[in-house]
Every structure is written in structure tokens, then in C-alpha cells.
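This report covers burial, nonpolar packing and charged pairs in one protein chain. The sequence and structure come first.

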Amino acid sequence: MQEFLNGLEKFTGKDSEEGLKRILGDIAYTLEQAAIVSITDSRGIIQYANEHFEKLSKFPLEELIGAKQSIVNSGYHDASFFKNMWATIGRGDTWRGDICNLTKDGTYYWVDTTIVPFLNESNKPYQYVSIRYDITERKLMEEEIRKSAELYEIITANASDFIAIIDREGQFKYVSPSFEKLLGYELNSMSENTFYSLIDSKNRQKVERRVKQFKGYHRRTMSLEFTFQDVEGGSHVMEAKMNEVKDSIAYVDKLLVVMRDVTERVKSEEKIRHLVYNDQLTSLMNRNSFREQLALAFERARTRNQVFALVHMNIDRLRYANDLFGHEAGDYLLAMVGERLKHRTGPESLLARIAGDEFAFIVTGLTEESEIFNYAEEVRKYLEQPIQIGRQTYNLSISCGISIYPEHANQPSELVTKATLALGKVKLRGGGDSEMYEHGTSKMSLERILLENELRKSVQQQHFYLEYQPKVFLGTGELTGVEALVRWKHPDLGIIPPMKFIPLAEETKIIVPLGEWILREVCKQAQAEIAEGSFCRFAVNVSTVQIKEDGYVDSVLNIINEFGIPADMLELELTESSFMDTEGMKEEIQKLRNAGLSVAIDDFGTGYSTFSYIKELPADTLKIDMAFVRDILENENSQAIIKAIVTLADTAGLNVVAEGIEKKEQADMLYSLGCREGQGYYYGRPTILDEAKQRVGK
């Protein structure tokens, strides 16, 4: 203070008392205008308060003067706070701090406070001058920042996403608490690692190169997928989004990385992919995967002017092995044939199980017909070696049909047909041999010609009838609907199984008028249900041939309108092959759904679908093929596959129905895996509608 007065004296001159008073007056005026000023005596009684104090506290001056300073005490601070303040000013020291006060009307305000004690001759305070500045808005802002920081801490500590800020060299500038919680890294040790060092070596260089070049792409966001390592060396597949940090001085030219652990999703998709493209019993390619590879082999051979052959194989009379040893032994025989094929033809060979007891493989590297035939014969004889089943030995009989590109065909489908015709000739001779396709081989057997003619007549004369199989909720056994199944009862030939006439009906397009008859019969039953005051949902199987017919959708809608059936009483079941041409089918299927009909993908896992198709296609229900239900109680792989299908179907918003349930234990297992609906002999065999509805739960 003395230095301040000496400075004033130098400025005004020692003899200029008036000048000194003027300067002090100006200072006092400035404080009055800019600050809250009060003077209290040594007991804290207010002796003076300016208008700013009156205005902010909302106490009139007459109430402030003579009152204790505690008149504005808000109770926010504890006793130790004020004890420390009084101890400081009591010994003659200046005190500074932020104080929360209370106005007369009960609202809070904050002031930045400086209290200066004035001492008497005995160096004891006789009064205190308080200078305060209103900092309420600043405090409110600080509180909002604190709450935001607290909220951010809660979110980042509990979120499943991983958030980091890195520089171009991969050095971490910030990591979210999820790195510690989910990956096990201590946050204070992250500076010892770099972003790149935690990426699997297979992905590291590619990711590092893309990150360092990111700015040059002038893109707002970059997407990456890579494998990340946790603190114990475990692998996690990460889906990452990366952006440049904007509007931040502290993190200029840094990158914000937001990652999500998608390991389980990737595993599920891999299981689905394996399910779609591979036969589950033999791990060979399935029919449709093989046809894709056959098409690629055609292109390679055509481009390189090469020769290759297709061998179509069949295990003769496998049903006898099933009858003699049981279906489990039959499955064992199929698996052994698959293993022998892989062993004899080599790991790089294109092999497939294309039907129940049928296999196929491609022969490359041989050009002469005799060489190809001899090779196929060697493979066939190798497969025919006896197989031990328990204590008994079973002697296999294998038939082979062979066709060659370009000698016999110029298209994949034609090559398949020629090999199948050659195989048919072997089967007519009793099997156990190989046959090379010969030009001019009849494409139709006498039996096939007869069957086709009778099929056409039977559609016209309506020698068909429908049976119904119930679908139920697995948890309660409650009926959810029925599936209509067509049966052919020929007046002379008797009952002809669907597996024999349905493929022929599709190939000859007789399925189109037959399908229309089926739909009309179902609508008649639905009409009768409505008349009785009942509601039952009917599922109708639809062939790919039908839905590709011009005007099919209009035909379906016209029949529904003709019988006055609500569209939600019908569900159309399409096989996976119907969805192969996704762009061509999507619009037609969506028209049906727009009209209120449900669409199901039948026999899932036996055909063309990949899960990416399932997510994109307009479908409501996914029906798991019975092949994956049959061994669900013993096979953990089947359980995992069904669980993956259910999980991914839930993600896509699809209902799941399991087919082929024959035991209560199978139903219970499916229900525990998340499947909610099912059908099969356990709930009822196909029969007339009334019996199908009555047998549920019995």
C-alpha cells in the first residue's frame, strides 16, 4: 500500500494534496461502478454497502447496513470454510476466494471475493473492506462443463465402443475407459503402445498405410476392419470409423477413431457362410457352391483352351445300408466316401456332395478321353473298398457318369446333364461301373415319358389332394398355422411320392397349373374357416418356376380376391433357389408382401442363400431345414449353427421356424437356442385339416 501511495505522490507531486485526493477519488469511483463493495467492522457488522451489493443481493441498503455479513450466507459452504477465512483476515492477511451467497428472494449467486483487513496501531483489524465481482454465469458454465464431463465419463466408461485419438504415427493422445474394461489395458500404460502395434500383423501394414494417406483422400470418414489384440493376446475383429479432428487446437491434425468389437458377428457370418456353401455331413461343397465353381472352371478352360471333365457319382442302393444298419450308419458311409474322395483326388480338387447319395468332382490336367475314364475308374474302385461298420463290413457299390468339355458340352448346365445321362445308363445296368457320355444318348427314359404324360392328365382331371401339417409355438405347443402339402393319387399307379413328381413338374412347367390348383384349394379351406368363425394361417409352397412366370403375382392376388380371403391368412414358402436372382425376384416378392401376404424362405441351408441376401430380401420367415434339426441333440456344431441362424435372423427381423422335429427333446433344445416355432412328426404328420388342428399338443 505504501508503494502505491509513493507512486501516487511521484505522479501528482509531493505538494499536490489536492491531486492525490482527486486520484484516490477516481479510484474509489471506479470501484463503485465496477465492483460490489462493502465495509464491515471487526465483528462482521456491515458498515457500508454500495448499490451493486444492494442490486445483486436484492436486500435494501437499510437492511444491509447494521446487519451481519451472514445475512447473505447461503449455507453452501461448511463451517471450516468460514473458519479459515476469519483466521486469515484476523491475523491481518488478505483473503481471496469464491463464495456462494443467497439473495433475499432465495436465489443463489456467486462472487469472486477479496477481503482486505485494515489494522489499528496495535496491528489488530478494526474493519474489513470486501471487493466482490459477480461470477454467477461463469460458475453456471463451469457446472455445465463439469456435468458434461461427468456424463462423458459415464458414457465412455460403460460404452461397448472404443474411442481413441491418435496422431499419424499411431501414438495415442486419448483412449476411452473401455480399452481397460473390455481389452484389459491400463489407461496410463497406453502411451507405451501405438495404435498400429495392437493390430494383428496380417492387417498392420495395410491399416498403417491407409491411415497415413487418409488426409490425401479428402474424405470425411474412413471405414476399416482389422483384428485387434487385447492385453492377453486374444484377437478381436474391429469395425472402425476414422475422422480427422476438426476445430480443436489441442488435437489439430489428429484422428478420431471409433471402433466396435464385431468378433461374434463375424463368427456367426462365417458359420452361416460355411452352412450355405458346404455340406454339413462331409464338409464338401454343396450342390450350388459346386455349380458356381463349375461355371468358373468353364471360364478358365474356355479362356485357356483347356480340357476338363465332370464326374457324377452315386452310391448304389444306399437305402439298403440305412435299413440294415440304421440312418446313423448311412451317414457314416456318406462321410467316409467324402473323406476318401478328398484323400484320393487331393486337397485342391473341386469336390461336392450334390444330393443325398450323389457326389461330383472335376478332373483337370488330362486331355484324352481314355485317360479321363481310367482316372474316374481308379477313383470309383478306391471308393468301393469295404468299410467297417461296428463288427460288420459293408461293400460299397459306386456308379459314375462322365462328360467332357468341350467334347460333350459348351455350357455348365449341359455338361451336368450329359454326366447325369451317362450315370443313368450305368444305373439301368445295375450300377457298380463307369460310363462316358455318348452323343445321341436318349434324354428321357420310358418311365419319365410315361410319368410326364400322366402328370399332365392328372392336373386336368384333378387327381391331387392336399394334406396339412401343423406349425406350433415351441414353448406352448399352441397352433400357429398349417403347411399345405400336395399329394398325387393316380387311379392306376396309386400314390406317387412328391419327391418323384415335383421335380418333373418343375422341369416341364406343369407346376404352374398345379400350383394354381393348390392355391385355389387352400383358399377354399380358408373360406370355410372364415365361415366357421375361425382363423388359421395357411402356408403354400411356391416353385421358382411359378414365380418367374409372367403375371404370377396378379394371378395370386386375383385368386385371393375371388375367394374373399384376407391376405394375412396366407404365407408363401419359396425355396432358397428362388432368391438367387435377387434383383429380378425382389420386386415381385415385394408386391406380394405389399398386398399383405407373408413370405418364407423354405429349407434354409440347402441352396443358394447367403446371409447378405437374407438381410436384403423382402422375406418374413426363415425355415431351418430338417437336416440341421435331425442331430441337434448330439452334434454341438449343429447347435452352434442353429444358434447363429437364429441370432442373425433376429438381427434382420426374421421369424424362424424349425422343420423335422420328431422328439420333445429336439423341440426343447431348439426353444433354448432361441427358435420359437416348429413343425414335424412330433406335433403331427400331414393329414386332413381338422385332424391336423386337433393333433397339436397330443
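Glu 529 has a relative accessible area of 3%, so this residue counts as buried. The model is a predicted one. The side chain of Glu 529 forms a salt bridge with that of Lys 693, at 2.9 Å from N to O. Glu 529 belongs to helix 17 and Lys 693 to helix 24 (residues 689–694), and the pair links distant parts of the chain, 164 residues apart. Lys 693, with a relative accessible area of 25%, is partly exposed.

Helix 17 holds another charged pair, Arg 520 and Glu 516, whose side chains meet in a salt bridge. These two residues are four apart in the helix, so about one helical turn separates them. Arg 520 is partly exposed at 26% relative accessibility, and Glu 516 is partly exposed at 36%.

A further pair is formed by Lys 471 and Glu 573. Lys 471 sits in strand 18 (residues 464–473) and Glu 573 in strand 22 (residues 570–575), so the salt bridge ties together parts that are 102 residues apart in sequence. Lys 471 is buried, at 5% relative accessibility, and Glu 573 is buried as well, at 1%.

| Salt bridge | N to O distance |
|---|---|
| Glu 529 and Lys 693 | 2.9 Å |
| Arg 520 and Glu 516 | 3.6 Å |
| Lys 471 and Glu 573 | 3.9 Å |

In the whole structure, 38 salt bridges are found. Through shared partners, Lys 471, Glu 483, Glu 571, Glu 573, Lys 623 and Glu 659 are joined into one network of salt bridges.

Helix 17 also takes part in nonpolar packing. The largest nonpolar core has 47 residues, and those touching the most other members are Phe 464, Tyr 468, Leu 514, Val 522 and Phe 538. Helix 17 (residues 511–531) contributes the most to this core, with eight residues. Beyond its neighbours within four places in sequence, Leu 514 contacts Val 459, Phe 464, Val 486 and Phe 501. A second core, separate from this one, has 30 residues, including Ala 321, Ala 329, Leu 333 and Leu 334.

For the protein as a whole, there are 24 helices and 26 strands. Of its 698 residues, 45% are buried. Among contacts between residues at least 6 apart in sequence, 59% join residues at least 24 apart. The accessible surface is about 37200 Å², and carbon and sulfur atoms account for 49% of that area.

Methods:
Residues numbered from 1 in each chain as written. Predicted model: local features only at pLDDT ≥ 70, side-chain atom pairs only at ≥ 80, totals over all residues. Heavy atoms only, no water. Core = buried A, V, L, I, M, F, W, Y, C linked by side-chain atoms within 4.5 Å. Buried < 20%, exposed > 50% of the residue type's maximum accessible area, 1.4 Å probe, protein only. Contact = heavy atoms within 4.5 Å. Areas by Shrake-Rupley, 256 points an atom, 1.4 Å probe, with all protein chains shown as cover. Salt bridge = Lys/Arg side-chain N within 4 Å of Asp/Glu carboxyl O.
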